[in-house]
Each structure stands twice: as C-alpha cells, then as structure tokens.
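Grab the model and work through a few short exercises. Each one sets a task and then walks through the solution.

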Amino acid sequence: MLSRVAGLFSGRGFNIESLSVAETLDPMISHMTIVTRGNDQIIEQVTKQLNKLINIIKVVDFINGDFVDREIALIKVSVNDGNRSELLSIINIFRGKVVDISLDSYVIEITGDEDKIKAITTLLKPMGIKEVVRTGTVAMSRGTKTKG
Amino acid sequence: MRLKGAKILLETLVREKTDVIFGYPGGAVIDIYHELPNYPSLKHVLARHEQGAVHAADGYARASGRVGVCLVTSGPGATNTVTGIATAYMDSIPLVVFTGQVPTMLIGNDSFQEADIVGISRPCTKHNYLVKDVEELAQTVKEAFYIANTGRPGPVLVDLPKDVMNALCEYHYPSVVKLQGYNPTIKGHPGQIKRIIAEILKAEKPVLYVGGGVISSNASSELLSLAHKLSIPVTTTLMGLGAFPEDDELSLGMLGMHGAYRANMAVTNCDLLIAVGARFDDRVTGKIDEFAPLAKIIHIDIDPTSISKNVPVDIPIVGDVKETLSHIIDLLKKQDKQKDRKEIRKDWIQQINEWKSTYPLAYVQKDVIKPQFIVEKISELTKGKAIITTEVGQNQMWTAQYFKFLKPRTFLTSGGLGTMGYGLPAAIGAQIAFPDRIVIDIAGDGSIQMNIQELATAVQYNLPVKIAIINNGYLGMVRQWQELFYQKRYSYTNMDIAPDFVKLAQAYGILGIRASKPKEVGPVIEKALSTPGPVIMDFVVEPEEGVYPMVPAGAPINKMLLV
C-alpha cells in the first residue's frame, strides 16, 4: 500500500515532504499522514488521485488549522563545558528530554508541531548539530469530529 | 471440495463467464496449462509473443465489451505484457492478466524467470495482486474482474506463484465482492443535472465533445437522442469514433491535432462545450488556454480525476455516461416546450457547413496510390460492416479521418499510449469475438513488423483477418515531423529494408497481394474480402504524403496547417 501511494506521488510529480504510516485500532486498516505542497488545483488532483486507489478508504485534507499535528525529532547535539547549561535550559524550555548522554554529545527527544521543531533546531544549530532524525508529521482533527 | 489452486483459478474463470483466454505457456504456469484441457468451455488462443496475447485480449474487449483475459508465465513472460497492459490502461480497457510467478519462498531471491511484475506494473494497472495464499485465490480473482469492469474500466494484474497453484484448499466461490475503498459513482448529482439542462437550453452555439467513455458506457443511442433532440453538432475524439454515426448531418468528425477543420473551428467558436466521456487530452486541446475560449464547459465523466485536470470545468458531473445522459433526456422531455430546435440552430449549423466546404478533407491522386484513397475504398467496400483496427502513426490518422465509422466498437486503435504493433493482434482478438464479421487491420510498413509473428496465430485458428499495409517505406509520422519541423532531416526513419510482404504471406501459407497503381486498389481489396482465411494486402503508396490538417505542437486548434 505504501509503495502504491509513494509511486502515485512520484509518478505524477507531486512532492512528498514527509510521510508517516502505521496500523489503526483495526489491524486491517492503516493510517497514513502525508505532508505535501502545491496550489489548489494540485491539491485537488492529489486528493482525487488518492481516492481513486482501490485500497484507499478515505482521504482527508487538513487545512486551515482545524487539526492538531505532532512530530518527534531526535537531535544529536555537540556538548562541551561551555554550552552545557545553555543547552539544558533550551531543552527545558521546549519541554524536551535528554535520552542519551556521551562525552561530547547529547541526544535530545523533542515532540511538537512543525514550528516548534523548526524553532529548537534553529536555536541548537550554532552549538553544532551532529544528526537529526524526524518521524514525519501525524495529524488529527480537532473537536468531536472523527475521521470515520 | 478440496481443489488445487490451478483448478480453483479455472473454476472461478468459468463462473466469471470467461470464454476465451489469450496466452503463452511457460514453466511457472505449466500446472495451470496441465488443468486447462479439463475445462472445455475455456477456449485458449495461443499467441506468439505475450505482447500479442495482451493486445489480442484488448481487441477482444474493445470489440465485445467483455473483459479480456490473458495467461502468461513469469519473468520475461510477465515483462512482455507491460506494453500491452499500459496500452489498455491509457485507453481504459477492461482486462485481467494472470502472470505466473516463482514459488512464494523464492520470491525476492533473484530466482530463474522471476520478475517483480507487481512492482513493475503498479503505475500502469488499475490495480494488481500477488496471491500469497491459495485461500485468497477465488476472492482475488472475483475482485479482479469486478475492478476491471466497473467504474472507469482498466487492466488488473494477478500474480500467481507456482506453489499457490499447487496448494489445496476448500473451494468457495464468493457470492459478493465488496471493497471498502472502491465505490464508483454511477448516478449523477441531480442538482448538477438541472444546471446542465439550464445551460443547454440557453446556448446558441453548443457542441458535444464525445470520447471513449460513451463507447465504454454503451451510450450511443442516448447520445444520438440528445444530439437530435436539441440539434447539437457532435465531434468525437480518436477514442470516440463510432460513438456517433459519421454519416449523420450533425457529425463534425474528429477534432484535435489531426481533426477536421470544421470540428476544430466549431469547438473554438462554440459558447457551450458539453464534454461526455472524454478527458481533454493534449492531442485534442492543443494550446490549453486557447481551447474553447468562448465556451462554458460541462463535463460528464465517471472518473473524478479527469474533471478539471487540464481545463477548468464550469459544471462538472461525476457519473456513468449512459445513466447521466438518460437522466438528462428524461428531464428534458418533461421540461422543454420547444420540440424542434432546428430553427434556432440554423445559423450555427450554417456556419459549420461553411467551414466544412472551405477546407474539406482532400487529397490529389494521379499515378501513385494515395494512402487516403485506400482508406476510402475500404470504407466504401465494407459498407459500415467491418471492424477496423489500426497500428499507429499516419496509417492510424488517415483511417480516423477518411473511414466513415457508423457504429461503436468498430474502431479499435491505441489512442493514449500510441502503441505500434497493436493492430494485428487486436484484429485477432476482435475476430475471435466475432468470427463472422469482417475484421481489417490498417497498418504501416513499420508498425506491421512489430508484431508480425502473430500471423501464425491467425493461421492456427483460421481467423480471416485482412491486413492492409500502407507501404511508404518510412516511419511515416516521424518523417512528417522531420519534414515540417526538422528541416527534412530524415534521421533513421527510412524503412527501405523490409520483407517482401507478399512473399512473407506465402511463407505463412496465406494469400499475399500487391497493388502499385490506383486502379488496382479496388480489385485487391475485393479479392482479399472474398478469399477465406487471413490475407495480406501490400499497397505501395506515395512515399512522402502527409496527414493534414495538422495542429503543430503548442498551437491552438484553430491554427491548423492545411497542406
């Protein structure tokens, strides 16, 4: 299923910025969250082409802030006596966690929406980021509406 | 009753009312072939190349409206079907292609004759399956047929590992198929239908732009009704030829890159364009932002992705064409007080007739046979009764222009993919569907060599397909482009070295006849039609004739090259 969706995007020249997929409560059904970019006409085509796929049950277009989105990033930062306390206070402010410590680096786990991940990455860059791995965004509609 | 996978497959095909399988055996499918003779209701037609098998199933499907079925082996057998599958995919033809596969435990191991055909065919099938468990086999086959033949039709591939074909399980033919993610819309939205009717009744210069969807939906009589009720002229795409009788006074002929002058002018000047089962393909629209610039656009199509894909549509309606047109006609009967619109339409029709007489389709013939003459002669001598297949290129365009198509499912051609080598195997498939009808493949000397090996199949099953080779010694259409836009540099389009087609026919044990002068054309065609069995006609024609009108790439369709 994943290859079908990925193939659809690449075959038609649509861009995938991030993609996240896993089982739902029903093990026969997976939930996929895709972040893509394009004008109205392109998004309309993307939505219709996805709906056309036989295995796709429903497509929801999250726009206009009517949703909650989160992503996890693991960031390996260079650490030394000079930046250690500043690093720890940044992590605290962003409510991140240190999940690994070594002589010269920390691995930070941070959860948040796209803006938050971008913000902490910007702040940590001057200290020296060794590696960043992100899960890709997952999203859910706000309020009592469910996706069905 | 516990059955082997191979038997379950064949049992299910019988229950799906399959009567022909086009195939080519191999190691991975030998178990299926071993069981096949136990099912006499499943006739098997042996092709000579898997591509030929798929094109034959395709021709069978287009001519009959039924699902075409293929059976080929793994590895190269499967990869050889890809062009045929892509051809069917682009033209929305219902096929189910069964490919053999190595045993499940060997998949992914670079085994002998293994190919990831599910991966390879993913972009060019409507859907595909790899059957990993024999318990899923019957359900999968039933689903495959359902998907192929509903909504917008398309090819479905089912990959069958050898061990699954030998595994046993209890056979249950599923009574229903229900796919959670697949529910094509058949009935058009009533609100949209009302809007459509309002626009149609207001329009002064309407045009019906009709595509292959009308034929898939078997909606020709509804189309005829609607066109005549409101006196709306009708133009068809290449895929729509035959949907509307070309001898009808409202017929504009084909539109687009090689369409008739009056068709392209009518579309450019109309105030309402009603697109029915067509997809605004680039061969039709020319320069998109100058396509039908004065018109409101209505689009009736079963596939939502076709609507507003290239051209923004004012009133879209998703639904089955036959259903939707019937609905429109019913509402019109209740609503429309004016019975006869002929008076209102008089000026528009007159303008169209002026365009028709200003630049009619024409050619000049002296001592050398002109290709257009051959097409006209075949049209005249078969009197609307033949099924015509074509190859691709100039032969295809001249046929589309000069042959008078009166009924749907009489013109079988590779439109979307433009596959040379399509015509001969497709003619074989059509002849299998209709053994008593005249089937003619109009080919070029280049195209006919691409699947010439299928002649053996025609001979084996005594299929009286007639092959008309328009022999100009060139890869004609490419040569025309080189002549017009590439300073006549005929780079690698010279096809002088070719077999003597008359001798080639004799090598296959069939009649081969040649015409090199205009007065020989009629008698050659008549001889072919009255000779039993397959016949090759080799027509030696003017080498550098062009297809006109032509809309150059990037130009709007009202700017045609006329000579």
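A residue is called buried if 20 or more other C-beta atoms lie within 10 Å of its own, exposed if 12 or fewer do, and partly exposed in between, with C-beta atoms placed from the backbone. The model is predicted, so local features need pLDDT of at least 70 and side-chain atom pairs count only at pLDDT 80 or more, while totals for chains, interfaces and linings use all residues. Residues are numbered from 1 along each chain as its sequence is written, and chains are lettered from A and ligands numbered from 1 in the order in which they are written.

**Exercise 1.** Work out where A:N55 sits, and whether A:N55 is buried, exposed or partly exposed.

Start with the secondary structure, where helices (H or I, at least four residues) and strands (E, at least two) are DSSP runs numbered from the N terminus. A:N55 lies in the loop that links α2 (40-52) to β3 of chain A. Next, count neighbours: there are 14 other C-beta atoms within 10 Å, so A:N55 is partly exposed. Then look for contacts, meaning C-beta atoms, placed from the backbone, within 7 Å. Skipping neighbours within four places in sequence, A:N55 touches A:M1, A:R4 and B:G181. Finally, try A:V5: it is 50 residues away in sequence, yet the C-alpha to C-alpha distance is 9.9 Å.

**Exercise 2.** Find out how the two domains of chain A meet.

The bounds, which come from an automatic or database domain assignment, are 2-52 for domain 1 and 67-139 for domain 2. Over C-alpha atoms, the domain centres are 28 Å apart. Across the boundary, 5 residues of domain 1 of chain A contact 5 residues of domain 2 of chain A. On the domain 1 side, β1 (18-23) and β2 (30-35) of chain A are the elements giving two or more residues, and β1(A) gives the most, with 3 residues.

**Exercise 3.** Describe how strand β6 of chain A is paired and how well it is covered.

Two strands pair if DSSP finds at least two bridges between them. Strand β3 (residues 67-78) of chain A runs antiparallel to β6(A), with 5 bridges joining them. One residue pair to check is A:I75, whose bridge partner in β6(A) is A:V132. As for cover, β6 (residues 129-134) has hardly any: 0 of its 6 residues are buried.

**Exercise 4.** Trace the strand order of the open sheet of 6 strands in chain B, then place helix α18 on it.

The order reads β16-β15-β17-β18-β20-β19, with parallel pairing. At the edges are β16 (411-412) and β19 (511-515) of chain B, each paired on one side only. Inside the sheet, β17 (residues 439-444) and β18 (residues 466-471) of chain B are parallel over 5 bridges. B:I442 faces B:A468 in β18(B). Helix α18 (residues 423-433) packs on the sheet and touches β15 (387-390), β16, β17 and β18 of chain B, its direction making about 175 degrees with that of β17(B). That angle is taken between N-to-C directions on a scale from 0 to 180 degrees, with axes fitted to C-alpha atoms, for helices over the stretch in contact.

**Exercise 5.** Sum up chain B as a whole, then see how it meets chain A.

Chain B has 23 helices and 20 strands. Its C-alpha trace spans about 70 × 60 × 40 Å along the principal axes, and 54% of its 563 residues count as buried. At the interface, 11 residues of chain B contact 12 residues of chain A.
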